[in-house]
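Colleague: Could you take me through the fold of this protein, starting with its elements and ending with its overall dimensions?

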Amino acid sequence: MFDRDPRIVDDFAEDAVLIGSEAGERAEGREAIIAMTSALFARPARMIWDWRRIDITADGDLAWVVAEGDVVVSDGGERTLLPYCMSGVLQFQNGSWRWRLFHGSEPAKS
């Protein structure tokens, strides 16, 4: 994401679902994921994640992951850290692991 590499969509299965942490960030299928990532890349800020904890479990060709850390937003030299949680399901397809479901979340503001 930080490098704005459009090949990030290759990490998703054709029928994957990506749910981001902001309202309305839901993409189903490769074309929708391409559109969502293109919109994110068009923003002036860049994002990268700093994970404190990652738990991965696999069973056959399926794996699920839960991670906790921060999303680091870099905008014009200013860096902002926001707590972030991610969960997802991956499937081993054609020699590599691909996201079937990616779900990101930020804590609700009180």
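The questions and answers below concern a predicted model.

Colleague: In what order do the elements of the protein run from the N terminus on?

Modeller: The protein has one helix and six strands. Read from the N terminus on, these elements follow one another as β-β-α-β-β-β-β.

Colleague: Which strands are the edge strands of the sheet?

Modeller: The six strands form an open sheet with mixed pairing, in the order β2-β1-β6-β5-β4-β3. An edge strand pairs on one side only, and this description applies to β2 (26-28) and β3 (46-59).

Colleague: Over how many bridges do β5 and β6 pair, and in which sense?

Modeller: In the order of the sheet, β6 is followed by β5, and here Leu90 stands opposite Trp99 in β6. Strand β5 covers residues 78-93 and strand β6 covers residues 96-105, and their pairing is antiparallel, over nine bridges.

Colleague: At what angle to β1 does helix α1 run?

Modeller: Helix α1, made of residues 30-41, lies across β1 (12-19), β2 and β3. Relative to β1, the helix α1 runs at about 50°.

Colleague: What radius of gyration does the protein have, and what would a compact globule have?

Modeller: The C-alpha trace spans about 40 × 30 × 25 Å along its principal axes, and 30% of the 110 residues count as buried. Because a compact globule with 110 residues would have a radius of gyration near 13 Å, the protein agrees with that expectation, its own value being 14 Å.

Technical notes:
Residues are numbered from 1 along each chain as its sequence is written. This is a predicted model: local features need pLDDT of at least 70, side-chain atom pairs count only at pLDDT 80 or more; totals for chains, interfaces and linings use all residues. Side-chain values use heavy atoms; hydrogens and water are left out. Two strands pair if DSSP finds at least two bridges between them. Helices (H or I, at least four residues) and strands (E, at least two) are DSSP runs, numbered from the N terminus. Contact means heavy atoms within 4.5 Å. Axes are lines fitted to C-alpha atoms, for helices over the stretch in contact, and angles run from 0 to 180 degrees between N-to-C directions. The radius of gyration is taken over C-alpha atoms; the globule rule is 2.2 Å times the number of residues to the power 0.38. Buried means under 20% relative accessible area, exposed over 50%, partly exposed in between (1.4 Å probe, protein chains only).
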